[in-house]
Amino acid sequence: MDSKRLAGEAAVNYVEDGMLLGLGTGSTVYWSLQKIGELVQSGLRIRGAPTSAETEKIARQLGIPLIALSEVSELDLTIDGADEVNPDFQLIKGGGGALLREKMAASISRRFIVVVDNSKYVPALGQFPLPVEVVPFGWQITRRQISGFGCEPVLRQVHGSPFVTDNGNYILDCQFAALEAPEELHRQLNLIPGVVENGLFVNMADMVIIGASDGSIETKVNTGV
Ligand SMILES: O=C[C@H](O)[C@H](O)[C@H](O)COP(=O)(O)O
C-alpha cells in the first residue's frame with residue numbers, strides 16, 4: 001500500500017463543492033490532485049490555486065479549473081505535503097523548493113491540511129535540512145549570516161548549477177545540529193536581509209493526515225491553531 005497515496009487521497013474527503021482550494025506541491029499531494037481531478041470530471045465545482053509551476057502543470061492535465069494565487073484573498077482549504085511534522089503540528093517544508101508560495105497559500109487558508117507518510121512524523125524537527133529561500137544577489141553573505149544560527153547552509157544545486165525556485169531565488173539547505181525552538185528560529189531567519197522565506201511552518205496546520213504502508217491512516221487535529 002502506498003502510504004503517500006493513502007494520505008493524499010484521504011485529504012480530499014474534506015473538499016466540498018464550490019470551494020476555492022490551495023493546491024500544494026510534491027509527490028504526496030500528487031495523489032490529492034489525481035483524486036480532485038476525478039471528482040471534477042464527475043461534476044465537482046471547485047477552483048484551485050497552484051503553489052508551483054509543477055502543480056499547475058499537473059492540475060491543467062487533470063482538467064482542474066485554476067485561479068492564480070495572486071488573485072485570491074482567501075482559500076477555503078489548502079492541502080499540502082511536508083518533509084517533517086512534529087507532535088506540535090510544526091512543519092519543515094520546501095524539499096521541492098515551493099515553500100514560499102506554499103506558505104502564502106497556507107497563510108490565507110481557512111483550513112490547512114497536511115498529508116504525509118508516517119516516516120515524516122518525527123518527535124523533533126531537524127533531521128531534514130531546513131530549506132531557506134534566499135535572493136541570488138549576495139547569497140554568500142546570507143549564507144554566512146544563517147550559519148551564525150548553528151548550521152552549515154548548502155546551496156541547492158541541479159546538474160552543477162544553482163537550483164532556481166519559481167520565484168527566481170536560490171535555496172540554502174540548512175542542517176542544524178539541534179533545531180530546538182522552531183518558532184524563534186523561524187522569526188530570526190526571516191530577519192536576515194537576503195532571506196525571502198524559510199521552510200518552517202509554525203501555527204499553521206489544522207490537521208495532519210498520516211498514511212502507513214500497512215494501509216492505516218491516522219488523522220491528527222490541531223485544536224490550538
Ligand atoms: O517544496 C516542496 C513541498 O514543501 C513539499 O510539499 C514537500 O517537500 C513534501 O514533498 P513530498 O510529498 O514529495 O515528499
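Ile210 stands opposite Glu218, a residue of strand 15. The model in which this pair is found is predicted. The two residues belong to a longer pairing: strand 14 (residues 207-211) and strand 15 (residues 217-221) run antiparallel and are joined by five bridges. Between these strands the hairpin has five residues, and there Gly215 adopts a positive phi near 95°.

A second set of strands forms an open sheet. Three strands take part, in the order 4-5-13, and their pairing is antiparallel. Strand 4 (84-85) and strand 13 (200-201) are the edge strands, each of them pairing on one side only. Two bridges link strand 5 (residues 91-92) to strand 13, again in the antiparallel sense. Within this pairing, Leu91 has Phe201 of strand 13 as its bridge partner.

The next element to look at is a pair of helices. Helix 1 (residues 3-10) and helix 2 (residues 29-41) have axes that come within 7 Å and cross at roughly 50°. Angles from 35 up to 65 degrees fall outside both the roughly parallel and the roughly perpendicular ranges, so helix 1 counts as oblique to helix 2. The crossing of the two helices is right-handed. On the side of helix 1, the contact is made by Lys4, Arg5, Gly8 and Glu9, while helix 2 brings Val29, Tyr30, Trp31, Ser32 and Lys35. Sorted by class, the contact of helix 1 with helix 2 contains four charged, three nonpolar and two polar residues.

These elements can now be placed in the chain as a whole. The domain assignment divides the protein chain into domain 1, which covers 3-121 + 202-221, and domain 2, which covers 130-197. Domain 1 is thus given as two stretches of the chain, and domain 2 as one. The C-alpha centres of domain 1 and domain 2 are 24 Å apart.

Where the domains meet, 13 residues of domain 1 are in contact with 13 residues of domain 2. On the side of domain 1 that touches domain 2, helix 4 (residues 99-107) gives the most, with four residues. The residues on that side of domain 1 comprise six nonpolar, five polar and two charged.

Conventions:
Residues numbered from 1 in each chain as written. Predicted model: local features only at pLDDT ≥ 70, side-chain atom pairs only at ≥ 80, totals over all residues. Domains from an automatic or database assignment. Contact = placed C-beta atoms within 7 Å. Nonpolar A, V, L, I, M, F, W, Y, C, P; charged D, E, K, R; others polar. Pairing = 2+ DSSP bridges. Axes fitted to C-alpha atoms, helices over the stretch in contact; angles between N-to-C directions. Parallel < 35°, antiparallel > 145°, perpendicular 65-115°, else oblique. Left-handed = near helix turned anticlockwise from the far one by under 90°.
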